[in-house]
Every structure is written in structure tokens, then in C-alpha cells.
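Reader: I should be grateful for a close look at one part of this model, followed outward to the rest of the chain. Please explain each term as you come to it.

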Amino acid sequence: MSEKRYGAPPHGSGGRVHSPFGLAPEFRTRPAMECDLSELADLDHEVFPHWAYPYFVLRQLFDVHQQHFWVLERLHERPIPDRPPPDRPDGSASGHNLLGYVLVGTSTDGRSGWVLGLGVVPDWRGHGLGRLLLHEAIGRLRAEGFAQVRLTAEPANAAALALYESAGFRQVELRKDYFGPGADRVYMIVDL
Ligand SMILES: CC(C)(COP(=O)(O)OP(=O)(O)OC[C@H]1O[C@@H](n2cnc3c(N)ncnc32)[C@H](O)[C@@H]1OP(=O)(O)O)[C@@H](O)C(=O)NCCC(=O)NCCS
């Protein structure tokens, strides 16, 4: 499995990647590795405070879907001379090396993929990283011959709905109580 490296900005319409802290980071997307699991679990809890996977579920998702589990990693940071240093009490830019992830499950008939999880840590949202991860997943599924990508999103999650629609997903229906009583989800599909 290959990795992709990005300076700033990355490819495509997600080309707004820049640091909120006046640094010029470089990123790479790469397959998740077993040694990432602890940091991934922390990341997942930060991204999904109410819906984080229990560690054993994350572990098993990794085991089953490893080839479709990508992380976005910050490689290093270097100061830009004309920008102020990070505005943090300890002088650090952020406590994260992993800034986001996308997890895809695939159907056994080889036709469709499911985006099971996609998230970016709060400090780094709004900089094109979510789009980068989504494009990574869609591009990989397209290259592997999948015909469709499906997902569900919370109806009130305006950022996610806008991101998915901008990537070509269409809202198919509202599924009541999809994740249990009161937890409705918007079901979305994009054809590849
Ligand atoms: C949804 C999420 C992944 C978006 O990641 P991000 O890196 O902030 O998004 P990007 O900067 O790549 O933005 C891409 C597009 O998403 C939409 N978007 C992002 N943030 C938005 C916001 N706050 N409000 C409305 N639209 C937003 C826009 O269409 C944006 O494109 P534009 O900037 O050209 O208008 C991120 O907000 C997140 O991790 N949320 C918590 C986890 C989650 O809800 N995941 C989705 C589960 S279904």
C-alpha cells in the first residue's frame, strides 16, 4: 500500500491546507498500522466524543479493514520566518501527529464501499483535510473497481453533509432510528 505526501497545498479542490498556527506542515496519508491503534483510539474519542469506537471494536475494524483504513499524519513542522510562533502555552503547535482518519468497509460482492468513519481533529478542521481524506478513500475505491460509495451522516451535521455533497454524494433518504431510538441518519450514495 502506498503513501502519499503533501506539502501545502495538496492536490485537488482540497488545496487550502495550511496550518492554523503559522507553521508550514507536511502531511501524508498512509494506511493505518497496528502501532497507530492507541493514538487512533485517542483521535477517535476526540473526533467523535459521543460515538467513539470501544477499543476492541477499533482493533477488530483494523484487523478486518486494514487495507481501507487510512490515517492523515503530520510529518514535521518548520517555522515560517514571517509568521508568528504557535499561540499555545507550552509553545507547541498541537499534540497530534495523527490529524484524521478515514475507514471504509467494502461489500463482499465487490460493488460498493461504505465510509464507516471520517474525522479530523478539531484544531485542524476547515483546512481541507477532511476533503483530502474523503478523496483518498473514493480514489482508492474507484481504482479498485468499486461502483458506488455509501455512508450515513447525522442530519444536523452540516459540515459532513456539505463535504459529502461537494464530493458528489446525494442524499437518498432519512433513515429513522438508524443508530437506535432517536438517532436518525441521512443515507447518502455516490456512483463512481
Ligand atoms: C466533517 C469533517 C470531517 C470535515 O473535515 P474538515 O477538514 O473540517 O473539512 P474540509 O476543510 O476538508 O472542508 C471540506 C468541505 O466541507 C464543508 N465544510 C467543512 N466544514 C464546514 C462547516 N463548519 N460548515 C459547513 N460546511 C463545512 C465545506 O463544503 C467544505 O468545503 P469548502 O471549504 O470549499 O466550502 C470534520 O468537521 C469532522 O471531523 N467532524 C467531526 C466528525 C464527523 O462529523 N465526521 C463525519 C461523520 S458522518
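Author: Two residues are in contact if their C-beta atoms, placed from the backbone, lie within 7 Å. By that criterion, and leaving aside neighbours within four places in sequence, tryptophan 124 is in contact with Leu99 and Leu129. Residues are numbered from 1 along each chain as its sequence is written. The model is predicted: local features need pLDDT of at least 70 and side-chain atom pairs count only at pLDDT 80 or more, while totals for chains, interfaces and linings use all residues.

Tryptophan 124 belongs to the loop between E5 and H3, where helices (H or I, at least four residues) and strands (E, at least two) are DSSP runs numbered from the N terminus. The residue is buried, as 22 other C-beta atoms lie within 10 Å. A residue is called buried when 20 or more other C-beta atoms lie within 10 Å of its own, exposed when there are 12 or fewer, and partly exposed in between, with C-beta atoms placed from the backbone. Between the C-alpha atoms of tryptophan 124 and glycine 100 the distance is 8.9 Å, although 24 residues separate the two in sequence.

The loop leads into H3, a helix of 15 residues that reaches 21 Å from its first C-alpha to its last, close to the 21 Å expected at 1.5 Å a residue; that expected span is 1.5 Å times one less than the number of residues. Among the buried residues of H3 are Leu129, Gly130, Arg131, Leu132 and Leu133. They continue with Leu134, Ala137, Ile138, Arg140 and Leu141. The buried residues of this helix pack against strand E2 (26-31), E3, E4, E5, strand E6 (148-153) and H4. Just after H3, glycine 145 takes a positive phi of about 90 degrees.

The ligand has 21 residues around it, and those that come nearest are Arg125, Gly130, Arg131, Ala159 and Leu163. A residue counts as near a molecule or strand if its C-beta atom, placed from the backbone, lies within 6 Å of it. Strand E5 (112-120), helix H3 (129-143) and helix H4 (158-166) are the elements that give two or more residues to this shell. H4 supplies the largest share, 6 residues. By type, the shell holds 11 nonpolar, 8 polar and 2 charged residues. Here Ala, Val, Leu, Ile, Met, Phe, Trp, Tyr, Cys and Pro count as nonpolar, Asp, Glu, Lys and Arg as charged, and the others, Gly among them, as polar.

E5 also contains glycine 119, which is buried, with 23 other C-beta atoms within 10 Å. Apart from neighbours within four places in sequence, glycine 119 is in contact with Val47, Phe48, Gly100 and Tyr101. Its C-alpha atom is separated by 6.7 Å from that of valine 102, a residue 17 positions away along the chain.

Val47 leads to helix H1 (residues 37-47), whose buried residues are Leu40, Leu43 and Asp44. Viewed down the axis of H1, these residues fall within an arc of 100 degrees, so they line one face of the helix; the arc is that of the directions from the helix axis to the C-beta atoms. Their cover includes helix H2 (55-65), strand E3 (69-76) and strand E4 (98-106).

Further along the chain, aspartate 177 lies in the loop between strand E7 (170-175) and strand E8 (185-191). This residue has a positive phi of about 55 degrees although it is not a glycine, and it counts as exposed, with 10 C-beta neighbours inside 10 Å. Tyrosine 187, in strand E8, counts as partly exposed, with 16 C-beta neighbours inside 10 Å. Beyond four places in sequence, tyrosine 187 is in contact with Thr152, Val172, Glu173 and Arg175.

For the chain as a whole, there are 4 helices and 8 strands, running β-β-α-α-β-β-β-α-β-α-β-β from the N terminus on. Of the 192 residues, 27% are buried. Among contacts with a separation of 6 or more, 65% join residues 24 or more positions apart.

The mean pLDDT of the chain is 85, and 78% of its residues reach 70 or more; pLDDT is the predictor's confidence in each residue, from 0 to 100. Over residues 9-15 the pLDDT stays under 50, and the model has 14 contacts beyond four places in sequence for them. Residues 83-94 are likewise below 50 in pLDDT, with 18 contacts in the model beyond near neighbours in sequence.
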